[in-house]
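Biologist: I'd like to learn how to read a model like this one. Can you walk me through it?

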Amino acid sequence: MNKHLFALTIATTGLCTVPAFAQDTQSTAGTTEAATSGNFQPGQPIGSGNWFLNGSVGQAHMRVGPYNDHPTTYAINGGYRWKVGPDVGLGVEVGYNDLGNFKLKNAFNSNDVNLTDRRNALRGWTAGVNGKINVWQGLYVSGRAGVYGWKGHGYANQDINRHDLDQVDWYAGVGTGYDFNPHFSLGLSYDYYRANKDRVGLTSDTASLTAEYRF
């Protein structure tokens, strides 16, 4: 009798456990699905991240006396970005830019490509943070800010001497674009680079086309 009662107890316990186990499995699956959903890096769980590398080519607006010009600019930037929400990524970055000292089309004529000695020669490294929000099916908006360690040349007011300058200032930028897949995106960006010292103002802003690859 006791053996039959013990077997009945085991069977009943097993039958009661099956629905609970199934419910736990469904709950876990639902949680995993929710964690990997969203428009930012879809398929990746929240908390994961990616190394990235991007390059930009654009045009600067310089308002500095004899350097009032719109030269071609170049920049390269890399870092790591985490998925902190279904549609949001936050990361850190370092990079280097040159704001208009090279004229590549001169390679096809007898003029110099490197115009550093004739322009303000503003260039430098960047280090900061960045954010990205994917608003709808690959379409994103982005922002970045940080410190800008720059070098350049310029003239103070009523000064005929060209000064060789360097300092750490700041930069900030915004952008928008499209993620063609989880690894590659293309966008437009606007960046502001603060660069003032000894009454010489070399501050510039740029509008650029930016391509990014995520590993």
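Modeller: Sure, we'll go from the overall layout to the cavity, the salt bridges and a few single residues.

Biologist: Where do I start?

Modeller: Start with where it comes from: this is a predicted model. Then look at the secondary structure. The protein has one helix and ten strands, and from the N terminus on the order is α-β-β-β-β-β-β-β-β-β-β. The helix, α1, covers 2-35, and a loop holding Q41 lies between α1 and β1.

Biologist: What percentage of the contacts join residues at least 24 apart, among those between residues at least 6 apart in sequence?

Modeller: That's 60% here. As for burial, 36% of the 215 residues count as buried. The accessible surface comes to about 12600 Å², and carbon and sulfur atoms account for 63% of that.

Biologist: On to the cavity. How many cavities of 30 Å³ or more does a search of the whole structure find?

Modeller: One. A cavity here is a space where a 1.4 Å probe fits but cannot get out. In this model the volume is about 480 Å³.

Biologist: Which residues should I click on to find the cavity?

Modeller: Try N54, S56, R144, S189 and T210, which lie nearest the centre of the cavity, out of 38 lining residues. If you'd rather go by strands, β1 (49-62), β2 (72-85), β3 (88-98), β4 (123-136), β5 (139-154), β6 (163-179), β7 (184-193) and β10 (204-214) each give the lining at least two residues.

Biologist: How many of the lining residues are nonpolar, polar and charged?

Modeller: Ten are nonpolar, 21 polar and seven charged. Note that glycine is put with the polar ones in this scheme.

Biologist: R144 came up near the cavity centre. Which residue does the side chain of R144 meet in a salt bridge?

Modeller: E93, with N to O at 3.0 Å. This pair ties together distant parts of the chain, since R144 sits in strand β5 and E93 in strand β3, 51 residues apart. E93 counts as buried because its relative accessible area is 5%, and the cut-off for buried is under 20%.

Biologist: How many salt bridges does the whole structure have?

Modeller: A search finds six. Look at D179 and R214 next: their closest N and O atoms are 3.2 Å apart. Here too the bridge links distant parts of the chain, with D179 in strand β6 and R214 in strand β10, 35 residues apart. Both D179 and R214 are buried.

Biologist: Which other partner does R214 have?

Modeller: E212, where the closest N and O atoms are 2.9 Å apart. R214 is buried, at a relative accessible area of 1%, and E212 is buried too, at 7%. Zoom out and you get a network of salt bridges linking R81, K132, D179, E212 and R214.

Biologist: Let's do backbone angles. What's the general idea with phi?

Modeller: Most residues other than glycine have a negative phi. So a positive value is something to flag when you go through the backbone. In this model, Q41 has a positive phi of about 45° and is not a glycine. Q137 also has a positive phi of about 45° without being a glycine.

Biologist: Are Q41 and Q137 buried or exposed?

Modeller: Q41 is buried, at 3% relative accessibility. Q137, in the loop between β4 and β5, is exposed, with a relative accessible area of 52%.

Biologist: Last topic: contacts of single residues. How would I read G49?

Modeller: Find G49 in strand β1. Then look for neighbours beyond four places away in sequence: G49 touches Q44, Y80, R81 and W82. The C-alpha atoms of G49 and R81 are 5.4 Å apart, while the two residues are 32 apart along the chain. R81 is also a member of the salt-bridge network. At 21% relative accessibility, G49 counts as partly exposed.

Biologist: And what does Y190 touch, leaving out residues up to four places away in sequence?

Modeller: A172, G173, V174, D205 and T206. Y190 lies in strand β7 and counts as partly exposed, at 38% relative accessibility. For D205, 15 residues from Y190 along the chain, the C-alpha separation from Y190 is 7.2 Å.

Conventions. Residues are numbered from 1 along each chain as its sequence is written. This is a predicted model: local features need pLDDT of at least 70, side-chain atom pairs count only at pLDDT 80 or more; totals for chains, interfaces and linings use all residues. Side-chain values use heavy atoms; hydrogens and water are left out. On a 1 Å grid over the protein atoms alone, a cavity is a set of points where a 1.4 Å probe fits but cannot get out, and a pocket is an open set with protein on both sides within 12 Å along at least five of seven lines; lining residues have an atom within 4 Å of a point. Grid points are joined across faces, edges and corners, and a volume is the space filled by probe spheres set on the points. Helices (H or I, at least four residues) and strands (E, at least two) are DSSP runs, numbered from the N terminus. A salt bridge is a side-chain nitrogen of Lys or Arg within 4 Å of a carboxyl oxygen of Asp or Glu. Buried means under 20% relative accessible area, exposed over 50%, partly exposed in between (1.4 Å probe, protein chains only). Contact means heavy atoms within 4.5 Å. Accessible areas come from the Shrake-Rupley method with a 1.4 Å probe; for residues, only the protein chains shown count as cover.
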